[in-house]
Amino acid sequence: MVDVVLFRGADGLGFSIVGGKDSPKGDLPIYIKTVSGGAALRSAKLKRGDQIVYVNGTSLEGYTRQDTVNMLKHLEGEIVLSIVPA
């Protein structure tokens, strides 16, 4: 597992996610779907297929995709993602 530190700016985090509890393909971990800009692009450490396991120390186990999106939208400043690289 690797920690990736992002600093959210006005342009946001810059990635989208798929998976989660109750996803159309069954219960899955949360994965990076795309890296499109913002903090993710600036960090150059996230890529499609990376699994996000923790956000600021909070486990995503049992989270739906929407739960995770809602959490990420409300975080500001420094954000630590613990990932399993693809």
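**Salt bridges, surface patches and backbone features of the model**

Asp-50 and Lys-47 form a salt bridge in which the closest N and O atoms are 3.4 Å apart; the term denotes a side-chain nitrogen of Lys or Arg within 4 Å of a carboxyl oxygen of Asp or Glu. The structure is a predicted model, in which local features need pLDDT of at least 70 and side-chain atom pairs count only at pLDDT 80 or more, while totals for chains, interfaces and linings use all residues. Residues are numbered from 1 along each chain as its sequence is written, and side-chain values use heavy atoms, with hydrogens and water left out.

Asp-50 is located in the loop between α1 (38-43) and β4 (51-55). Helices (H or I, at least four residues) and strands (E, at least two) are DSSP runs, numbered from the N terminus. Asp-50 counts as buried because its relative accessibility is 0%, where buried means under 20% relative accessible area, exposed means over 50%, and partly exposed lies in between (1.4 Å probe, protein chains only). Its partner Lys-47 is partly exposed, as its relative accessible area is 41%. The side chain of Asp-50 also reaches the backbone nitrogen of Lys-47, at 2.8 Å. This distance meets the limit for a polar contact, a pair of N or O atoms within 3.5 Å; within protein, one atom must be able to donate a hydrogen and the other to accept it, and residues adjacent in sequence count only if both atoms are side-chain atoms.

By the salt-bridge rule, the count comes to two. Asp-11 pairs with Arg-42 in a salt bridge whose closest N and O atoms are 2.8 Å apart. This pair links distant parts of the chain, since Asp-11 belongs to the loop between β1 and β2 (15-23) and Arg-42 to helix α1, 31 residues apart. Asp-11 is partly exposed, at 46% relative accessibility. In general, side chains of opposite charge can pair when their charged atoms come close.

Surface patches were also identified. These consist of residues with over 30% relative accessible area and no salt bridge; like charges are joined within 9 Å, and nonpolar side chains (Val, Leu, Ile, Met, Phe, Trp, Tyr) within 5 Å. Lys-33, Arg-48, Arg-65 and Lys-73 form a positive patch. Lys and Arg count as positive and Asp and Glu as negative, whereas His and the chain ends are not counted. Within this patch, Lys-73 is part of helix α2 (residues 65-73) and is exposed, with a relative accessible area of 57%.

A nonpolar surface patch is made up of Met-1, Tyr-54 and Val-84, which together have about 280 Å² of accessible area. Accessible areas come from the Shrake-Rupley method with a 1.4 Å probe, and for residues only the protein chains shown count as cover. Met-1 precedes strand β1 (2-7) and is exposed, with 63% relative accessibility.

Two residues other than glycine have positive phi values. For Asp-22, phi is near 65 degrees; Asp-22 is placed in strand β2 and counts as exposed because its relative accessibility is 57%. For Ala-44, phi is near 60 degrees. Ala-44 is found in the loop between α1 and β4 and is exposed, at a relative accessible area of 67%.

Pro-85 occupies the segment after β6 (78-84) and is partly exposed, with a relative accessible area of 41%. Pro-85 and Gln-51 are separated by 34 residues in sequence, and their C-alpha atoms are 6.5 Å apart in space.

Conventions: The place of a charge is taken as NZ of Lys, CZ of Arg, CG of Asp or CD of Glu.
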